[in-house]
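Colleague: I should like to go through this model with you, step by step. Please explain how each conclusion is reached.

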Amino acid sequence: MTAYIIRRLLWMLPLLLGVSIICFSMLKRAPGDPVGAMLAESRDSGRTMTLADRERLKEQLGLNRPVYMQYVDWLKLVARGDFGTSTRMNQPVSTIIMNRLPNTMKLAGVSLVLTLLIAIPLGIISAVKQYSLVDYVLTTFNFVGISIPQFWLGLMLLYFLSVKVGWFPVNGMHGAYVEGGFWPHFKDSVMHYVLPVISITLAGVAGYMRYQRASMLEVMPQDYVRTARAKGLTERVVIMKHAWRNSLIPIITLLGYVLVIMVEGSVVVENIFSWPGMGQLAVASLTQRDYPTVMAIVLLSATLILVGTLLSDILYAVVDPRVRFD
Amino acid sequence: MSVEVQRADVVAWDRVISAKVASPRVMFWRRFRRHRLAFVSAIFLCLLFTVAIFAPWIAPYDPDATNLTLAKFGRPAAPSIEHPMGTDQLGRDWMSRLIVGSRVSLTVGFLATGVAIGVGTVLGAVAGYAGRWTDMLIMRLADMLLAFPPLLFLMGMLVGFKRPSATVIAVVIGVIGWMNVSRLVRGEFLTLRTREFAISARAVGASTPSIIFRHLLPNAISPIIVAATLSIPAAILAESTLSFLGFGIQPPTASWGNMLQIAFVQMRDNQAWWIGFYPGLFIALTVLAFNFVGDGLRDALDPRAWGR
């Protein structure tokens, strides 16, 4: 087991290296560069940039060197734990990310917990009452849930619940001016969470419920469930203790996948609700050709995905002694 | 009395025989028809295809023609009899743009799936059949691509194009969407290659490509078809998300995703709900229809689902 984990961790290095090479070359062949973005910005603020300025900037940022040398330079920095300086915000990339990451984690975390709390019971009910009206309604809801584009759901929620009736704030994480102590602040914060969380959770619930239902259906006809019933246990105990626990085994491997849904969901949702998180940062950095920031985000999320998959694989073996790694 | 029994027997036998005679195609059709939502969805999609194919002739107005007498002071005109879905802030007829935009979504959906299925099938088949280092190489490549957050990867690739066309977007989506298909096909091939007909094909000297594509692949076709129908809606969603975020189809070309770009501002400032409502509704309906058809196909094609 230990050897397996070490092997998997070592595999991550070449994988991440590959990811970074692909990403770096992709970004470098994009038209436009950070200097162009800066130029547009300085033009907007009424200053002019001379040709000499441009050349000097390019020299400074190392943009005149061959692409593979630029990659090596970047790699050397990263190896020392330095992700460089954002060309858009002129701050160390690590500082920017440290400011943004917690906001995304909060949004994705709340949504993930809520997703599991809703999806698991619904999935169980749907499976236990297979072919009933409830099951039919839930399965149909499922299809609707995975088919509605998240950004559309977000926009419609915004229009009807914020713009139209004004129940919820339109954007951001906090109101500009909140009077009072802890409770008003807390309430303000919660109100800002509601719509983004709904937008992410709906897709998550629909996706996850389907798997919970399927794996419950696999487990229900098993011998040990019949034995539990034959022992005279109440249906509640049979379902929750004997069937549900076993149905979780294949679902654990899906946690990595759910993690990806949450991260992806936050990219879209953050941009709609102006949530100051990583998703918003990613889109802004890409449009402004802020390469150091984009590279750091890609590397971070790739690591997250790899570690997430590894963790769910390990967990799989922990809960199910039948699983052995070779 | 005995005649009655005999007759009942005859009737029963008739049924058995007719059931046996039904060709796989007829059986498939019967099973598919039973899934009512899938059947309705299939009809909806046929209508949508017709609209997309004849879009320029069906659209009541020129989708790119602005009309500022309609959109007074840059305010979108509300839905009316002449413009059932209203106009945008430039007075462009929203329904015409929606009709023309359907082409983008369907093109990307099918093309991206074609690429993903093509690449995925070939790589999965080769990996599953050849095994050893070929298998390892292909699966490691798949692992690497799976480590990318897909949306971020797509945005990064599309940044490289100034005005990506539907074809470019479709190819890009397909290129990073083949991994699940290849895993599926590989899994099928791992068992298929040990079956008797595969061994006998090898014994009579069939070439490797012929074994892979003529003898083994037809046996793995059902799961591939199901995967394909389910990957169309995913591609449509991906394209609309990318276009919405500004990385896909660039305005003034209409696509359902980029029609929603202006939705927030117009809904907030001018209460123009129709700007955001209709394009999203059609994305949702189309994706839903494809998902239902995929589900119906799975019911009809997958023998494991028949018992349920």
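**Questions on the model**

Modeller: Chain A has 13 helices and zero strands. Please bear in mind that the model is a predicted one.

Colleague: In what order do the elements of chain A run from the N terminus on?

Modeller: Chain A holds 13 helices and zero strands. From the N terminus on, the elements therefore read α-α-α-α-α-α-α-α-α-α-α-α-α.

Colleague: What box do the C-alpha atoms of chain A fill, and what percentage of its residues is buried?

Modeller: Taken along the principal axes, the box filled by the C-alpha atoms of chain A is roughly 85 × 60 × 40 Å. Chain A has 326 residues, and the buried share of them is 34%.

Colleague: Among the contacts in chain A with a separation of 6 or more, what share joins residues 24 or more positions apart?

Modeller: The count is restricted to contacts in chain A with a separation of 6 or more. Of these, the share from residues 24 or more positions apart is 72%.

Colleague: Is A:Leu157 buried or partly exposed?

Modeller: A:Leu157 belongs to helix H7, residues 150-164 of chain A. A residue needs 20 or more C-beta neighbours within 10 Å to be buried. Because A:Leu157 has 19 such neighbours inside 10 Å, A:Leu157 is partly exposed.

Colleague: Which residues is A:Leu157 in contact with, leaving aside its neighbours within four places in sequence?

Modeller: A:Phe168 is eleven residues from A:Leu157 in sequence, and their C-alpha atoms are 9.5 Å apart. The contacts of A:Leu157, with neighbours within four places in sequence left aside, are A:Leu195, A:Ile198 and A:Ser199.

Colleague: How is A:Tyr316 classed, and how far is its C-alpha atom from that of A:Pro250?

Modeller: A:Tyr316 lies in helix H13, residues 291-319 of chain A. Because A:Tyr316 has 17 C-beta neighbours inside 10 Å, A:Tyr316 counts as partly exposed. A:Pro250 is 66 residues away along the chain, and the two C-alpha atoms are separated by 7.6 Å.

Colleague: Are H5(A) and H6(A) parallel or oblique?

Modeller: The axes of helix H5 (residues 93-128) of chain A and H6(A) come within 8 Å and cross at roughly 135°. Angles over 145 degrees count as roughly antiparallel, and 65 to 115 as roughly perpendicular. The angle of roughly 135° falls in neither range, so H5(A) is oblique to H6(A).

Colleague: Which residues make that contact, and what is the handedness of the crossing of H5(A) and H6(A)?

Modeller: H5(A) supplies A:Leu122, A:Ile125 and A:Ser126, while H6(A) supplies A:Val134, A:Asp135, A:Leu138 and A:Thr139. By class, four are nonpolar, two polar and one charged. The crossing of H5(A) and H6(A) is left-handed.

Colleague: How many residues of chain A are in contact with chain B, and how do they divide by class?

Modeller: In chain A, 40 residues are in contact with 35 residues of chain B. Helices H1 (2-28), H6 (133-147), H7, H11 (255-272), H12 (278-287) and H13 of chain A each supply at least two residues of that side. The residues of this side of chain A divide into 33 nonpolar, five polar and two charged.

Colleague: Which helix gives the largest share of the largest nonpolar core?

Modeller: The largest nonpolar core has 141 residues, and those with the most contacts inside it include A:Leu155, A:Ala282 and B:Met155. The largest share of this core, 17 residues, comes from chain B, from helix H5 (residues 94-130).

Key
Residues numbered from 1 in each chain as written. Chains lettered and ligands numbered in written order. Predicted model: local features only at pLDDT ≥ 70, side-chain atom pairs only at ≥ 80, totals over all residues. Helix = DSSP H or I, 4+ residues; strand = E, 2+ residues; numbered from the N terminus. Buried ≥ 20, exposed ≤ 12 C-beta atoms within 10 Å, placed from the backbone. Contact = placed C-beta atoms within 7 Å. Nonpolar A, V, L, I, M, F, W, Y, C, P; charged D, E, K, R; others polar. Axes fitted to C-alpha atoms, helices over the stretch in contact; angles between N-to-C directions. Parallel < 35°, antiparallel > 145°, perpendicular 65-115°, else oblique. Left-handed = near helix turned anticlockwise from the far one by under 90°. Core = buried A, V, L, I, M, F, W, Y, C linked by C-beta atoms within 7 Å.
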